[in-house]
Amino acid sequence: MTLDKFEKAYEIVSKVVHPTPLIESEFFSQQCGNKVYLKPENMQLTGAYKIRGAYYKISTLTDEERERGLITASAGNHAQGVAYAAKAYGVKATIVMPTTTPLIKVNRTKSYGAEVVLYGEVYDESCQYALKLAEEKGYTFVHPFDDLDVATGQSTVAMEIIKELPFADIILVPVGGGGLATGVSTLAKTLNPNIKVIGVEPQGAACLKVSLINGEVTTLDVVDTIADGTAVKTPGSKIFPYLKENLDDIITVEDSELIVAFLDMLENHKMLVENSGLLTVAALKHLEPKGQKVVSILSGGNMDVITFSSVVQHGLIARSRIFNVSVLLPDKPGELQNVAGVIADLKGNIIKLEHNQFVTINRNSAVELVITIEAFGPEHKEQILNELNDRGYRPIEKKPKAIF
């Protein structure tokens, strides 16, 4: 991976990708005490940065290699990148995707003309099957991350960042298998040895962190994370030496942090970013507040509607903006109106009511009322609960059920 190759990749990739200029985020800057810039690859062609590595890799293949047909394995974003590039070069592409891949990623991959095969529960199982098909049918395998040409294509993200913000202090890069982190960190260090490049992994799939601790590529027994695009058991072995040399640190984040980051991004920047793409945003709070220029790479924005609604709901619950409370009422007219009045007086918004008259035969506390309430946040929620308690309703908070 040389500067000449990085520059060549930038020249080739620039012909097809959309510009994704940095967005200065006042909201996240105030939250973390650093000056935050977002690199919105969620707005990229095919909805993710993966088009960069896929397109550049395919440009380096011979005509014979392309004409044999291409095959890859992917949780979704690399799949679309390969499918798009294959269509641009007029060649066949077969994509093996985990059975858990969101429908939107499957359908978009098919929309570029690729054949999709669903196999395995996680990327690693899909990859083994894709390699088997490549051997059986003579396809040319395009690895989603463990390939130096693919990583060189991904480096164009860093090239754009440094052209626009040459004195960035830190670049936060999401890590699945490590291809993006390899390209970004190697080019960034080549152009500016003082810049820090920090990888970010989900806690439930921290294969690179474990590998770096062990000093060798290590396979996790299981992965468990809502960040499906980075749910990888084993980092790339070919790129591992570059990651060891050029990454300054690894931050891991919990799924719960991704959920609130999703809500923050949606409400404050009006941008849809998938869970894997939010790793770097969730990591901002793990940095010491020093007023540094920090770039968060938002790696993708391909999320299906069901996942979207679930994450929004869990985000609202986590922020105490939605909560459930159970109260017992006397079985007599007007009690429901009294409780609703208490909540309304405090500006709480009742979303849903569940009314059960058969909790007990004691008519003084015979009706259980489960109320789903919208609040402004934790303080407002506590205010409502305290007032209900002061009025003698003895509220018990319950885990909210599905809201929508």
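Author: Two strands pair if DSSP finds at least two bridges between them. This model is predicted, and the definition can be applied to its strands β3 and β4.

Reader: How do you know that strand β3 and strand β4 are joined, and in which sense do they run?

Author: Strand β3 (residues 70-73) and strand β4 (residues 93-97) share 4 bridges and run parallel. The definition asks for at least two bridges, so β3 and β4 count as a pair. Within this pair, Ile71 stands opposite Thr94 in β4.

Reader: Which helix packs on the sheet there, touching β3 and β4?

Author: Helix α5 (residues 77-89) does, and its direction makes about 175 degrees with that of β4. Such angles run from 0 to 180 degrees between N-to-C directions.

Reader: What is the order of the 4 strands in the open sheet?

Author: The order is β5-β4-β3-β6, and the pairing is parallel.

Reader: What makes β5 and β6 stand at the edges?

Author: β5 (115-118) and β6 (140-141) have a single partner strand each, so each has one side without a neighbour in the sheet.

Reader: How do you know that β2 pairs with β1, and in which sense?

Author: Strand β1 (residues 23-25) is joined to β2 by 3 bridges in the antiparallel sense. At least two are needed, so β1 and β2 are a pair. Ser25 stands opposite Val36 in β2.

Reader: How many bridges join β2 to strand β10?

Author: There are 6 bridges between β2 and strand β10 (residues 293-298), and these strands run parallel. Against a threshold of at least two, β2 and β10 therefore pair as well. Here Leu38 stands opposite Ser296 in β10.

Reader: Why is strand β2 called mostly covered?

Author: Of the 6 residues of β2 (residues 35-40), 5 are buried. Buried means a relative accessible area under 20%.

Reader: Why is Lys270 called exposed?

Author: Its relative accessible area is 67%. The cut-off for exposed is over 50%, so Lys270 qualifies. Lys270 lies in the loop between α13 (255-269) and α14 (279-282), and its phi is near 55 degrees, a positive value in a residue other than glycine.

Reader: Why does Lys347 count as exposed?

Author: Lys347 has 62% relative accessibility, and exposed again means over 50%. Lys347 is in the loop between α16 (335-345) and β12 (349-356). Phi of Lys347 is near 65 degrees, also a positive value in a non-glycine residue.

Reader: What is the volume of the largest pocket?

Author: The largest pocket has about 430 Å³. Its lining holds 21 residues, and the closest to its centre are Thr100, Thr225, Ile226, Asp228 and Ala231. Helix α15 (residues 305-318) gives the most to this lining, with 4 residues. By class, the lining has 10 nonpolar, 7 polar and 4 charged residues.

Reader: How many cavities of 30 Å³ or more does a search of the whole structure find?

Author: The search finds 1. The largest cavity holds about 300 Å³ of space. A cavity is a set of points where a 1.4 Å probe fits but cannot get out, whereas a pocket is an open set.

Reader: Which residues lie nearest the centre of the largest cavity?

Author: Among the 24 residues that line the cavity, Tyr49, Lys50, Gly176, Gly229 and Thr230 lie nearest its centre. The elements giving two or more residues to this lining are α5 and α10 (179-191). The lining divides into 9 nonpolar, 12 polar and 3 charged residues.

How values were computed:
Residues numbered from 1 in each chain as written. Predicted model: local features only at pLDDT ≥ 70, side-chain atom pairs only at ≥ 80, totals over all residues. Heavy atoms only, no water. Contact = heavy atoms within 4.5 Å. 1 Å grid on protein atoms, 1.4 Å probe; cavity = no way out; pocket = protein on both sides within 12 Å on 5 of 7 lines; lining within 4 Å. Points joined across faces, edges and corners; volume = space filled by probe spheres on them. Nonpolar A, V, L, I, M, F, W, Y, C, P; charged D, E, K, R; others polar. Buried < 20%, exposed > 50% of the residue type's maximum accessible area, 1.4 Å probe, protein only.
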